[in-house]
Amino acid sequence: MALIKELYRLQSEHGYLRSDDLRELAARLRVPLYRLEGLASFYPHFRNTPPPRVQVEVCRDMSCHLNRAAEFTAALQAQLDGDKDVEVASVSCLGRCDNAPAACINGRPLPAVVPASTQERARQVADWARDPAALPEDPSAPAAGRKWRIDPYDDAEQRYGILRGLPEATETIPRLDDRPADRILKTLEEAGLRGMGGAGFPTATKWRLVRGQAATPRYVVVNADESEPGTFKDRVILAELPHLVVEGAAVAARVVGAEKVIIYLRHEYEPEHQVLAAEIERARRAGVLPVPVEIFISPGGYILGEETALLEALEDRRGEPRNKPPFPVSHGLHGKPTVINNVETLAMVPAILSHGASWWHQQGVGDSAGLKFIAVSGHVAHPGVHEVALGTPLSQLLEDAGGVSDGRTLAAVAPGGASSNFLPPDAASTPLDFKAMEAAGSMLGSGAVVVMADGTDLVAAAANVVAFFRNESCGKCVPCRTGTEKAVHLLDDLQAGRGNRAQIELLPQLGETLRLTSICGLGQVALNPILSLLDRFPEAVAALTRESGSGD
């Protein structure tokens, strides 16, 4: 019924969801009004009050927190004090951690501000807020002349070579015959390609499971809803390599016999949406797309990155994770077999199929195979996205990013996004590899390295992450809903000097309860950063009780 798309349309027309419009929509579509109101209240993108003329959204989460987001927001509010036409709001991660503290004006991302002092930045942004027409064009335009190793095509005319080389479809659903499909699956399997969104599930295995299902229709869903603080690699891939994502998804559709590809894109990525839509149209006009490819714009929320919550949104329901099993490979979109792959995973497919599994293995360092996109942010001189050989030492990546900013030394690093365990400086030699990071006590996760310099309040940084997960919990399961709230209160007490050793000792018990009883990964990882401080940085936590005088 496309309820979410209808809500988007109404909000686009009027700026917010008016009660009368919701009642009219419910009557026209013959759905209960409470269902529309349930969707509108669940998704943060929708609003039920008139918007201000200008809304400035400032990210409050990990990378931006480390770069004085709270100070910047306060300075901006002071600059705009008394301007009733402008609303300044702190929001969850905007996916632009390379420009921290990140902000948007009426949904448009801000460029880097030079000079970049907090006060100067606030003055410049306030000027743009008063006159949004003066805001420069998209700051995330592709870098001129940047060549990525995973792009097998030297120019636009060569693109979609893998699709062009496949046998033509002879059925309504363009399922490949066993021989070419087996060849593709074998190559991906030999390469060892795995999910690059954090779970790391073998790609060939997932495609083979969906191909083997008897039920039809089948679908391919591209998960482009990266929303974890510090994670923005998929945004750059969509901006600079959209053809690889489209081709990888279309190859998956041919292999599994899918009738449609749906790209699920977070709404904050509007500039990338335009690039992606233009690329899909170019491919369609060129006649290389075997199935329809459509873009679904997420109405917001970190939880939508969880694959079953994403499916719930596509089915016009609240984005709450499903209990598993069954898994999407057999019971996915509309209860049918569905491939769900991350943007980066699908972007790797054309290169592997073009050059072969041996080439892919040769791209790694030592025993590691392949390439990986890593987003680097926080206290680093040159935040951005790097294409690295798996097995490259973390220290080399930090050096390539210009090292710790302002000549400081490294205090800690989160190597796999906000949900990963913090590692101490002596772990900087750890290879960027799934198994190596796990052995070091953390994870490669979402491909996001967040750097923390000497002098950082590590407890405050970890508490910021826990608050993010509390804010983004869908509330479906009690352990996550109440456990994250309890953890935030404990950490608030500790930081305010009201803590004691008993409260600190409660955190591991709470974390274990969340890990064992939460429905999805959000609750299972929510306390990882603060628990890693207890394990690897005990002095940072112990200082809290000493300062409060509550050591018992």
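What follows looks at the overall build of the protein chain and then at one residue, Thr73. The model is a predicted one.

Starting with the fold as a whole, the protein chain holds 23 helices and 12 strands. Its radius of gyration comes out at 23 Å, close to the 24 Å that the globule rule gives for 552 residues, so the chain is as compact as a globular protein of that length. Boxed along the principal axes, the C-alpha atoms take up roughly 75 × 65 × 45 Å.

Contacts and burial fill in the picture. Taking contacts between residues at least 6 apart in sequence, 73% link residues that sit at least 24 apart. As for burial, 57% of the 552 residues count as buried. On the outside, the protein chain exposes about 22,500 Å², and carbon and sulfur atoms supply 48% of that area.

Charge is next. The protein chain carries 56 positive and 70 negative charges, and the mean positions of the two sets lie 5 Å apart.

Zooming in, Thr73 is part of helix H5, which runs over residues 69-79. The relative accessible area of Thr73 is 7%, and because anything under 20% counts as buried, Thr73 falls in the buried class. Leaving aside residues up to four places away in sequence, Thr73 touches Val58, Val88 and Ser90.

Note on methods: Residues are numbered from 1 along each chain as its sequence is written. This is a predicted model: local features need pLDDT of at least 70, side-chain atom pairs count only at pLDDT 80 or more; totals for chains, interfaces and linings use all residues. Side-chain values use heavy atoms; hydrogens and water are left out. Helices (H or I, at least four residues) and strands (E, at least two) are DSSP runs, numbered from the N terminus. The radius of gyration is taken over C-alpha atoms; the globule rule is 2.2 Å times the number of residues to the power 0.38. Buried means under 20% relative accessible area, exposed over 50%, partly exposed in between (1.4 Å probe, protein chains only). Contact means heavy atoms within 4.5 Å. Accessible areas come from the Shrake-Rupley method with a 1.4 Å probe; for residues, only the protein chains shown count as cover. Lys and Arg count as positive and Asp and Glu as negative; His and the chain ends are not counted. The place of a charge is taken as NZ of Lys, CZ of Arg, CG of Asp or CD of Glu.
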